[in-house]
Amino acid sequence: MSLFNLFGRPSFNHGIHPPSNKTVTGKTPIRRLPFPGMLVIPLNQHIGKPAIPIVKKGEEVVRGQPIAKADGFVSVPIHAPATGRIKGIELMPTAQGRNAPSILLEVYEGATQEVLWGEEQTIGDMSDEALRQAIQNSGMVGLGGAAFPSHVKLTIPDDKSVDTLVVNGCECEPYLSCDHRMMLEHPRPLMRGIRYAMRATGTKQAVIGIEDNKMDAVETLRANLPRDGSISVEAVETKYPQGSEKMLIKSLLGREVPAGGIPAEIGVVVNNVGTLAALGQLLPKGEGLIERVITVAGPGVKHPGNYLVPLGTSIGFVLDQVGYEGSETEFILGGPMMGPAVSALDTPVTKGTSGLLVLNEPNIEAETLRIWPCIRCARCVDACPMHLNPSHLGLLAAKRKYETMAEEFHLNDCFECGSCSYVCPSNIPLVQYFRIAKAINREQAA
Amino acid sequence: MKTKPQIELRTTPHAHAPDDVVRIMRNVVYALLPIAGFAIWQFGLSVLALLITVTLSCLLTERFFNWMGSGYNSLGDWSATITGLLLALTLPPAFPLWMGAVAGFAAISLGKALFGGLGMNVLNPALVGRAFVQAAFPVAITTWTPAFFDGRFSQFAPSTLALPFLRPPSVDSWVELLQVDAFSGATPLALHKFEGIQTDTIDLLTGMTTGSAGETSALLILVCGLYLAFRRMLDWRIPLTVMGGVALTSVLLSLVDPEKAPDAIFMLFSGGLMLGAWFMASDMVGSPVTPLGVLIYGLLIGSLTVVIRVYGGLTEGVMYAILLGNAATPLIEQITQPRIFGQRANK
């Protein structure tokens with residue numbers, strides 16, 4: 001623990017304090033958006049192998065029915081978000097920038113919101129193995145943005161053992177507040193989901209970490225804790241990137257995940273509150289993940305808020321519903337620090353989409369923004385949560401010494417949180433340099 | 001019919017902190033203005049002329065090298081202005097203007113442009129300029145004139161307007177003419193070193209002494225430096241460690257060599273230490289970026305200052321201490337690369 005922890009809330013060293021911009025959406029209850037006429041459901045909404053479609057063109061499906069099955073262990077099935085007819089399986093644009101095979105589902109007019117598939121199951125009677133299988137069957141992935149299949153994360157390798165489940169309720173990205181609303185509105189499903197995750201991983205204790213700008217969520221969850229004391233809630237400092245796994249573990253438990261390693265190496269497994277709340281809602285009913293809450297916000301949005309959106313809804317449809325303005329506009333999937341900008345309005349909302357931001361003219365940085373030479377102010381060094389030396393890495397990148405960056409200056413430990421670029425007074429696009437360097441190194445290794 | 005918006009694509013992060021280079025540099029200029037104002041009030045017209053001349057010289061030199069090089073006008077980043085102001089503040093109040101212009105040219109050309117401009121210089125440009133004139137004009141740079149004399153706003157010191165390349169007229173007769181009481185023509189450091197007279201700490205703090213134009217009031221410099229530190233436009237660790245190094249070395253020396261031992265308080269508040277610690281050692285370009293490096297760098301400058309002051313031939317050592325610290329920075333940085341988060345013990 002650092003000296004600073006003695007004076008304030010638990011935290012990690014370094015990091016930044018961008019304006020949070022959450023006040024509007026954080027106070028707005030989750031609302032449901034109507035079905036669009038057409039859903040575009042990519043087969044690869046998760047990390048791992050794409051799902052295999054099990055429906056044919058022209059087939060009728062009902063809301064909740066599986067339409068694609070998992071391809072192996074690191075993969076999850078996909079369920080129909082609405083009742084309608086399959087129009088085909090085609091290459092469609094995605095947030096990643098390249099077109100990917102997607103199922104096109106034409107939604108029937110007046111289709112019901114009722115989920116018409118899934119059998120109730122009693123989790124208590126299941127073996128741990130069956131529980132993990134049920135989690136895979138639900139199609140659940142990390143809803144915080146990583147979209148890593150939940151059942152894989154909750155399967156602890158035989159050579160490791162974990163003692164603590166860390167539940168990530170930080171939501172450190174500016175603007176986003178969907179996890180905040182989930183904690184406020186669905187505390188009981190969240191507690192259920194935490195229990196399932198504890199069973200699946202064999203952990204005896206769970207800690208929910210929440211940034212201290214959401215004290216209402218801290219209190220709501222504390223009021224819903226089970227009496228046996230196995231789950232606790234801890235407020236942590238509001239600081240970006242508190243919601244990064246490694247940072248949150250450090251803040252809550254004082255343990256450091258080894259560089260290049262995973263949390264299980266130090267006995268921890270981390271899950272996002274949104275993921276576990278959704279698990280708590282879906283598992284008892286035996287349903288699949290067909291919709292999610294996204295935060296729609298940003299200066300260009302007329303009615304910012306948190307919306308429950310069927311997976312596969314195009315962001316253009318979402319924006320038509322909430323209204324937006326601006327002649328020059330930037331659309332971002334996720335938060336402003338790490339979320340990619342998308343080039344097409346027909347990009348669909350997928351399992352990993354946590355937010356949709358609209359930035360318009362005065363808020364978009366000019367393309368011609370001057371980049372000054374590095375003045376060695378050391379702000380990036382003091383901001384980097386991984387304690388790298390971005391200033392020196394940037395100089396090396398300018399000299400194209402990509403291998404030196406990786407071998408001597410820990411380039412591959414950078415998780416591209418963007419803190420260095422955020423603070424750089426010379427406007428040097430450090431993170432972009434590092435992304436390029438990593439890509440070139442990968443290319444050359446291959 | 002709604003027009004389709006133009007979709008912009010940027011890489012992450014899509015947010016940026018408000019500070020940029022221009023804003024930081026401009027704030028350093030703001031912080032230097034009260035110090036410059038006090039110098040003018042204290043020493044009069046001569047200092048005003050010196051400030052203008054040196055700064056203009058720096059700006060013109062910078063523009064000249066812009067023209068020689070990329071063609072990009074870098075005057076807008078204010079860094080040359082800072083160099084000019086800082087350099088003028090480290091010169092004696094009656095320093096001949098033409099020598100000031102030479103100092104400004106040396107500062108930007110030798111100290112900055114030859115290394116590649118902003119961000120590339122190894123040494124602090126203002127101090128390179130001062131070191132150049134210290135070597136070139138050793139008499140002029142150690143000629144001190146009285147503060148707060150009557151009529152200081154209406155008359156130049158005779159040396160100020162000396163013709164280029166001619167020996168500047170002596171200020172002695174002029175000083176006598178002014179009939180300033182108890183003016184010895186020596187800085188507190190020289191008084192201490194050669195005559196054993198200790199200047200009152202209150203006088204050091206408030207600037208009721210003589211010395212270089214902008215170094216006299218330790219308190220004012222401290223306040224201006226703190227302004228920058230609170231606005232996070234200055235790394236507070238550097239002045240702190242420099243001052244710590246001075247205090248520590250003074251105390252250590254008093255154990256080893258009580259006869260020559262300097263008083264830590266006197267060492268801290270006399271001479272150019274305050275100006276150097278807050279505005280020159282803390283220059284971002286010449287100081288290390290690593291936290292441990294900053295500590296070593298600051299202590300090195302602080303201790304070197306005291307050692308040069310006590311054992312060196314010169315009365316003042318801040319300039320060379322900072323230049324040496326600047327020169328050592330690449331090495332310091334190399335050995336103080338931060339331990340990364342979760343770094344394994346065996347690597």
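Helix axes are lines fitted to C-alpha atoms over the stretch in contact, and the angles between them run from 0 to 180 degrees between N-to-C directions. In this predicted model, the axes of helix α1 (residues 21-43) and helix α2 (residues 45-68) of chain B come within 6 Å and cross at roughly 140 degrees, which makes α1(B) oblique to α2(B). On the side of α1(B), the contact is made by B:Ala36, B:Ala39, B:Ile40 and B:Phe43, and on the side of α2(B) by B:Ser46, B:Val47, B:Leu48 and B:Leu51. By residue class, this contact of α1(B) with α2(B) comprises 7 nonpolar residues and 1 polar residue, with no charged residue taking part.

In chain A, the unreviewed UniProt entry carries the annotation "binding site" for A:Cys384, A:Cys414, A:Cys417 and A:Cys420. Although these cysteines span 37 residues in sequence, no two of their C-alpha atoms are more than 10.6 Å apart, so they gather at one spot.

Two of the annotated positions, A:Cys417 and A:Cys420, may be described further. A:Cys417 lies in the loop between α12 (402-408) and α13 (419-423) of chain A, and it counts as buried because it has 26 C-beta neighbours inside 10 Å. When residues up to four places away in sequence are not counted, A:Cys417 touches A:Pro241, A:Ser244, A:Met337, A:Met338 and A:Pro385. A:Cys420, in turn, is placed in helix α13 of chain A and counts as buried with 30 C-beta neighbours inside 10 Å. Leaving aside neighbours within four places in sequence, A:Cys420 is in contact with A:Cys380, A:Ala383, A:Cys384, A:Pro390, A:Leu430 and A:Val431; of these, A:Cys384 is itself covered by the "binding site" annotation.

Methods
Residues are numbered from 1 along each chain as its sequence is written. Chains are lettered from A and ligands numbered from 1 in the order in which they are written. This is a predicted model: local features need pLDDT of at least 70, side-chain atom pairs count only at pLDDT 80 or more; totals for chains, interfaces and linings use all residues. UniProt positions are given in the numbering used here, feature names are shortened, and annotations may be inferred rather than shown by experiment. Helices (H or I, at least four residues) and strands (E, at least two) are DSSP runs, numbered from the N terminus. A residue is buried if 20 or more other C-beta atoms lie within 10 Å of its own, exposed if 12 or fewer, and partly exposed in between; C-beta atoms are placed from the backbone. Two residues are in contact if their C-beta atoms, placed from the backbone, lie within 7 Å. Angles under 35 degrees count as roughly parallel, over 145 as roughly antiparallel, 65 to 115 as roughly perpendicular and the rest as oblique. Ala, Val, Leu, Ile, Met, Phe, Trp, Tyr, Cys and Pro count as nonpolar, Asp, Glu, Lys and Arg as charged, and the others, Gly among them, as polar.
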